[in-house]
Amino acid sequence: MHFMNPEHIQLLDALSQGAVILTDDRIALANLCFAEICKADRETMTGRPFSDFVIPKHHARVSAYLQSVAHDSAAARQTVKFTLPDTDGTEFFVEMQAGVITLGGGVALLCSLKDITQKTKTSQKLNRILDSIPEVIMAFDSDHSRIEAANSATEGIFGLPTDQFVGNIFHPIDLVLPEDSAKVQAFYAGLVDKETDRIEYRIVHANGDIRWVRDEGEVIYKEQGLGEIQQVYHFIKDVTDRKNDEEKLRVSEQKYRRIFQYSTDPIFVAMPDGSFADINQAAIAMFGYENREHALTGNVVRHFTEETDRQAIMSELTRTGTVTDHPARLRTLSGEVVDVVITAGCRTNRHSGLLESYQAILHDMRPVIERTELETYRRTMGGLSDRLNNIAQVQAMQYGLMSDYIEALKSAKDGPRKEELLSLLLEEVSDLKKSLEDLRVLGEKIRKIYHAPEPPVPVPDGTGGILFELK
């Protein structure tokens with residue numbers, strides 16, 4: 001087939017993409033479109049090596065492609081992409097496909113070149129965007145067997161460069177921890193049928209670390225392709241931190257539940273209206289419920305003896321989020337009033353800031369009050385004993401003086417002396433009467449404490465603590 005006649009040249013010039021005929025790797029003919037792409041005069045291009053119109057770093061690849069086409073007709077179905085030399089500061093990228101033709105009785109190559117500059121720049125921009133994403137993005141072929149593209153996040157997550165995956169040297173399944181391998185293989189094998197699916201599994205990083213990843217797969221179909229698959233994408237994200245946080249939270253929750261369940265202090269979780277959301281055994285016993293199910297039908301509001309105490313606690317919770325050692329009196333189902341101090345914290349809605357629930361720890365003050373009562377009674381009885389002893393000593397002295405005055409009266413001869421002794425004796429009788437009255441009053445106090453004791457009353461000490469006083 002001879003392409004050098006004027007009709008053939010006109011035919012090549014009519015093409016909307018570049019075309020060039022090569023003989024011995026030199027340009028025998030270039031159409032107007034190729035000359036415009038290269039920013040050159042077509043007449044000056046004839047006879048020049050084709051490599052003059054290829055940037056140096058692509059010479060070897062383009063030359064190898066042309067040789068393969070010249071020696072193997074099957075290679076004509078393939079293409080090669082390269083960059084034209086920069087002549088005016090504008091980058092041009094082309095995709096070339098070559099085929100063998102006859103020219104003047106010899107063999108030549110007819111090459112068609114398509115301007116893919118805009119497509120390449122868009123692709124490069126997209127690749128830069130994809131490479132800035134910390135999540136691995138992999139594109140598989142329609143059979144879901146070979147990786148065709150991947151972003152640079154592979155090095156961060158797997159510790160291996162992108163070309164190791166694009167070259168299909170490594171596959172994500174190769175890096176899966178053996179214990180998770182079976183379920184990951186099943187995930188990949190079943191993805192095409194499911195069209196979309198996700199899984200979390202462990203991988204072994206190139207440095208030996210074990211990491212958790214979330215792998216989301218999606219099948220993409222060709223437009224108007226009647227169900228024909230175009231590509232299969234995988235989006236792989238490192239979720240190690242989240243998994244570690246979940247494990248820490250799980251351990252913390254287990255510890256919390258153990259503390260909650262086995263604490264000797266009553267603990268409960270209540271909703272803003274006071275209804276119990278959770279309650280431990282100590283609180284169930286203190287309030288007098290039959291069991292947890294019974295308690296969850298209750299409401300802590302009904303247990304406050306003073307509504308002002310509850311309102312003060314709720315106001316402080318709403319304002320600061322916590323309450324510490326707030327004294328209150330609670331009534332059990334049997335009617336017994338229990339003195340407690342309450343420490344509480346609340347959970348609020350992260351969007352509205354409104355109270356969602358609160359947890360309260362009650363410290364039952366009855367044992368403290370009982371110990372305080374005993375201590376108070378002990379000290380009181382000690383004081384009473386001292387007063388009794390003092391009265392007894394005074395009375396003993398008074399009796400002694402009275403005896404001395406009586407003996408002196410017996411032996412007194414003159415009247416003035418008798419009068420004086422009698423006056424002293426009467427004074428001692430009066431003092432003795434006062435001592436007996438003191439003794440009677442003290443007896444009444446002892447009788448009252450013994451027969452009708454009143455418990456000490458808890459009162460704030462002004463510094464956040466609690467004191468107890470006898471009424």
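1. Two strands are taken to pair if DSSP finds at least two bridges between them, and helices (H or I, at least four residues) and strands (E, at least two) are DSSP runs numbered from the N terminus. By these terms, V269 has Q359 in β15 as its bridge partner, and strand β11 (residues 267–270) pairs with strand β15 (residues 355–364) in the antiparallel sense over four bridges.

2. The model is predicted, so local features need pLDDT of at least 70 and side-chain atom pairs count only at pLDDT 80 or more, while totals for chains, interfaces and linings use all residues. Residues are numbered from 1 along each chain as its sequence is written, and side-chain values use heavy atoms, with hydrogens and water left out.

3. An open sheet of five strands, antiparallel in its pairing, follows the order β12-β11-β15-β14-β13. Its edges are β12 (276–279) and β13 (322–331), each of which has a single partner strand, so one side of each is left without a neighbour in the sheet.

4. Helix α12 (residues 307–320) packs on this sheet, where it touches β13, β14 (337–348) and β15, contact meaning heavy atoms within 4.5 Å. The direction of α12 makes about 160 degrees with that of β13; axes are lines fitted to C-alpha atoms, for helices over the stretch in contact, and angles run from 0 to 180 degrees between N-to-C directions.

5. Five strands also form an open sheet in the order β7-β6-β10-β9-β8, again with antiparallel pairing, and its edge strands, β7 (147–150) and β8 (196–204), each pair on one side only. Within it, nine bridges join the antiparallel strands β9 (residues 210–221) and β10 (residues 229–238), and I220 has Q231 in β10 as its bridge partner.
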